[in-house]
2 protein chains.
Amino acid sequence: YAPTRCAAAQTSTEQSILPPCHHHEAVHDPQLVPCTCPLFSCPWEGHLEVVVSHLRQTHRINILQGAEIVFLATDMHLPAPTDWIIMHSCLGHQFLLVLRKQEKYEGHPQFFATMMLIGTPTQADNFTYRLELNRNQRRLKWEATPRSVLECVDSVISDGDCLVLNTSLAQLFSDNGSLAIGIAITTSKVHNAEAEM
Amino acid sequence: YAPTRCAAAQTSTEQSILPPCHHHEAVHDPQLVPCTCPLFSCPWEGHLEVVVSHLRQTHRINILQGAEIVFLATDMHLPAPTDWIIMHSCLGHQFLLVLRKQEKYEGHPQFFATMMLIGTPTQADNFTYRLELNRNQRRLKWEATPRSVLECVDSVISDGDCLVLNTSLAQLFSDNGSLAIGIAITTSKVHNAEAEM
């Protein structure tokens, strides 16, 4: 694997606590979406079908393929705010994993991880993603329905509706400053059946 | 199930952030342990074998039996600090589940859940516990080795080496103010092998 680790360009703490998220208001053509890369304030907008190639070419975000993959986020010690981003190609779709280090409470950085479908909210409802950490005789699993990249990743993270790790837990799961995140995507029919049991 | 919900008696935030944990220093007989109930400053001490009956009789903590149980913590809206406690009888041992609502960061209560074996650290190494939340198409699982009640539950929680939930996530997993926590205990064969070496 060749993971991409991108440091967020912005350094304003206020900005990361109260993310702007006004992109959508500027989009008049409902077929057009803004750049979904949370790293940069990128003026690009285009159709959903070309978001992946934009992320690859402009932001150099790698794609990992397979039903179950492991993303290695390196340099976890980097100061907040920092984002780690990878695309995951699976079941005929592309998903965006966003791992963010952010100080919701000053002086106490936390890690937030979520997956977004590069597709519509209706398409996203068909899937379940699982993030798994496994080290030092501890295991943490988070399963949820991915959000669509048409929604705002900042609000998902500020709502805390994602995998949340405090610094000490992140260290327990890290190996030499790197965090290995197991990622799996399934269609949500399996998830519904399990939930009924 | 008839879950017990106990509100912590102490209201000092400072005390909950910097737990005293000086119990052990006062114990000169290594066979004697202090009361392991984190709810009250209880002067009781006794042998490990009678901790369970002390917790039942003095602190009225219920015991649930079975390999996999569900503990329903009610009134999650109660202000921090609050503890929810249950004993779990399984595999010939008794475990103590501690769910604590605490404000590590002022104004931002979080929930911390961990399991302690009512036994020695060496015995605790033989087991793995799993806590699982499952609601609203989200699932969160935490697996770890239980600590011994001879260790301090306050330090486990202040270290964050446990299941940690922010308020919004706790609400997503709650139903009408109650949080259902699935609990399972298994033996960890790796640990057994290590213990025999």
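What is the volume of the second largest cavity? It comes to about 50 Å³, and we'll stop there after a look at its bigger neighbour in the ranking.

Before you click: this is a predicted model, where local features need pLDDT of at least 70, side-chain atom pairs count only at pLDDT 80 or more, and totals for chains, interfaces and linings use all residues. Residues are numbered from 1 along each chain as its sequence is written, chains are lettered from A and ligands numbered from 1 in the order in which they are written, and side-chain values use heavy atoms, with hydrogens and water left out.

**Stop one: the largest cavity.** The whole structure holds four cavities of 30 Å³ or more. A cavity here is a set of points, on a 1 Å grid over the protein atoms alone, where a 1.4 Å probe fits but cannot get out; lining residues have an atom within 4 Å of a point. Volume is the space filled by probe spheres set on the points, which are joined across faces, edges and corners.

Select Leu140(A), Leu163(A), Val164(A), Leu140(B) and Val164(B): of the 13 lining residues, these lie nearest the centre of a space of about 80 Å³. Now colour the strands (DSSP E runs of at least two residues, numbered from the N terminus). S12(A) gives the largest share of this lining, four residues.

**Stop two: the second largest cavity.** Select Gln110, Val164, Leu165 and Asn166 in both chains A and B, then add Leu169(B). S12 of chain A and S12 of chain B each supply at least two of these lining residues.

Technical notes: 1 Å grid on protein atoms, 1.4 Å probe; cavity = no way out; pocket = protein on both sides within 12 Å on 5 of 7 lines; lining within 4 Å.
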